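Me: I am new to this structure. Please take me through one part of it closely, starting from a charged side chain and an aromatic ring, and then show me what surrounds them.

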Amino acid sequence: MNIELRFFASIREKLGTSAEQASLPVEVKTVGDVRAWLMTRGGPWAEALAEGRALRMAYNQQMCGADTAIADGGELAFFPPVTGG
């Protein structure tokens, strides 16, 4: 399965990329699975996407949780929570 990954704000800065096309292993079926799979890259990936870290996710431009199913051709975005006054 192939999906588009997008990274925004501080996540983009830590990873050094704003987007990539990913070919996922067959066992990766949810947003949470993608996050865990990306963390196996280690280094900044494991740090930026670590469990317990404040992080928002959107699948096909809709806010979602880790249990959201993914499909071929989808888009998954990771970004920090927005703060402001």
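Reply: Start with Arg41. Arg41 lies over the face of Trp45, at 4.3 Å from the ring centre. Keep in mind that this is a predicted model.

Now look at Trp45 itself. Its relative accessibility is 12%, so Trp45 counts as buried, the cut-off being under 20%. Trp45 also has an aromatic partner, Phe7. The two rings sit edge-to-face, 5.5 Å centre to centre, with 80° between the planes. Phe7 belongs to strand β1, while Trp45 belongs to helix α3 (residues 43-48), so this pair ties together parts that are 38 residues apart in sequence.

Phe7 is buried too, with a relative accessible area of 1%. Phe7 has a further ring partner, Phe78. This pair is stacked: the centres are 6.0 Å apart and the planes differ by 10°. Phe78 lies in strand β5 and Phe7 in strand β1, so the contact ties together parts that are 71 residues apart in sequence. Phe78 counts as buried, at 0% relative accessibility. Together, Phe7, Trp45 and Phe78 form one aromatic cluster. The model has three aromatic pairs in total.

Stay with Phe78 and look around it. Leaving aside its neighbours within four places in sequence, Phe78 is in contact with Leu5, Arg6, Phe7, Phe8 and Ile11, among others. The same list includes Val34, Arg35 and Leu38. It also includes Leu49, Leu55, Arg56 and Met57.

Several of these names return in the core. In soluble globular proteins, nonpolar side chains tend to be buried together. Here the largest nonpolar core has 22 residues. Leu5, Phe7, Val34, Leu38, Leu49, Leu76 and Phe78 touch the most other members. The elements that give two or more residues to this core are β1, α1 (9-15), α2, α3, β3 and β5. Helix α2 gives the most, with four residues.

Where does helix α2 lie? Helix α2 (residues 31-39) lies across β1 (2-7), β2, β3 and β5. It runs at about 65° to β5.

Helix α3, which carries Trp45, also holds Ala46. Ala46 is partly exposed, with a relative accessible area of 28%. Ala46 and Ala36 are ten residues apart in sequence. Their C-alpha atoms are 8.6 Å apart in space.

Next, the sheet. Five strands form an open sheet, in the order β2-β1-β5-β3-β4, with mixed pairing. Its edge strands are β2 (19-23) and β4 (62-63), each of which pairs on one side only.

Strand β5, home of Phe78, is mostly covered: five of its five residues are buried. Both faces are covered. Glu75, Ala77 and Phe79 are on one side, and Leu76 and Phe78 are on the other.

What pairs with β5 on the β1 side? The two strands β1 and β5 run in the parallel sense, over four bridges. One link to find is Arg6, whose bridge partner in β5 is Ala77.

Strand β1 also holds Glu4. Glu4 counts as buried, at 15% relative accessibility. Leaving aside its neighbours within four places in sequence, Glu4 is in contact with Ala19, Glu20 and Gln21, among others. Gly74, Glu75 and Leu76 are in contact with Glu4 as well.

Strand β3 (residues 56-59) pairs with β5 (residues 75-79) in the antiparallel sense, over four bridges. Two positions help you follow this pairing. Tyr59 stands opposite Leu76 in β5. Arg56 stands opposite Phe79 in β5.

From β3, move on to β4. These two strands pair in the antiparallel sense over two bridges. Ala58 has Met63 as its bridge partner in β4. The hairpin of β3 and β4 has two residues between the strands, and Asn60 takes a positive phi near 50° there.

Now return to the starting point. Arg41 lies over the face of Trp45. Trp45 and Phe7 meet edge-to-face. Phe7 and Phe78 are stacked. Phe7 and Phe78 are also among the residues that touch the most other members of the largest nonpolar core.

Notes
Residues numbered from 1 in each chain as written. Predicted model: local features only at pLDDT ≥ 70, side-chain atom pairs only at ≥ 80, totals over all residues. Heavy atoms only, no water. Pairing = 2+ DSSP bridges. Contact = heavy atoms within 4.5 Å. Axes fitted to C-alpha atoms, helices over the stretch in contact; angles between N-to-C directions. Phe/Tyr/Trp six-rings, centres within 6.5 Å; stacked < 30°, edge-to-face > 60°. Buried < 20%, exposed > 50% of the residue type's maximum accessible area, 1.4 Å probe, protein only. Lys NZ or Arg CZ within 6 Å of the ring centre and 35° of its normal. Core = buried A, V, L, I, M, F, W, Y, C linked by side-chain atoms within 4.5 Å.
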